[in-house]
Amino acid sequence: EFRRVLFRSREMAISTPTFYKWREKYGGMDVALLTRMKELEAENARLKKMYADERLKSDILQEALRKN
């Protein structure tokens, strides 16, 4: 088992601990589920950025209102 993992890790140019982390995270998922998970992660990142931008705008407006 370990030799196969070591071979796969070298083949993919990753460390053995990274291989085990990926296997723990993605093991047992089919392609459709992985695709959906990636889509959700991208959407989540987009929403976080949008929230951060809106929060920054709000903070700037609050600061401007305090100065007046």
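Rings of Phe, Tyr and Trp (the six-membered ring for Trp) count as a pair if their centres lie within 6.5 Å, and planes over 60 degrees apart make that pair edge-to-face. All the views below come from a predicted model.

**View 1. The aromatic pair, Phe19 and Tyr20.** Run a search over the whole structure and you get one aromatic pair. Its members are Phe19 and Tyr20, with ring centres 5.9 Å apart and planes at 80°, so this one is edge-to-face. A ring pair like this is described by two things, the distance of the centres and the angle of the planes. As for solvent, Phe19 is buried at 16% relative accessible area, because the cut-off for buried is under 20%. Tyr20 comes out at 31%, so it gets the partly exposed label.

**View 2. Ser9 and its surroundings.** Here we look at Ser9, which sits in helix H1, residues 2-12. Ser9 is buried, with a relative accessibility of just 1%. Its side chain reaches back to the backbone oxygen of Val5, at 2.8 Å. Skip the neighbours within four places in sequence, and Ser9 is in contact with Ile14, Ser15, Thr16 and Phe19. That last residue, Phe19, is the one whose ring pairs with Tyr20 in View 1.

**View 3. Met50 in helix H3.** Now for Met50, which has its place in helix H3, spanning residues 31-67. Met50 is partly exposed, at 39% relative accessible area. Pick Thr35 as a reference point: Met50 and Thr35 are 15 residues apart in sequence, and C-alpha to C-alpha they are 23 Å apart in space.

Note on methods: Residues are numbered from 1 along each chain as its sequence is written. This is a predicted model: local features need pLDDT of at least 70, side-chain atom pairs count only at pLDDT 80 or more; totals for chains, interfaces and linings use all residues. Side-chain values use heavy atoms; hydrogens and water are left out. Rings of Phe, Tyr and Trp (its six-membered ring) pair if their centres lie within 6.5 Å; planes under 30 degrees apart count as stacked, over 60 as edge-to-face and the rest as tilted. Buried means under 20% relative accessible area, exposed over 50%, partly exposed in between (1.4 Å probe, protein chains only). Helices (H or I, at least four residues) and strands (E, at least two) are DSSP runs, numbered from the N terminus. A polar contact is a pair of N or O atoms within 3.5 Å; within protein, one must be able to donate a hydrogen and the other to accept it, and residues adjacent in sequence count only if both atoms are side-chain atoms. Contact means heavy atoms within 4.5 Å.
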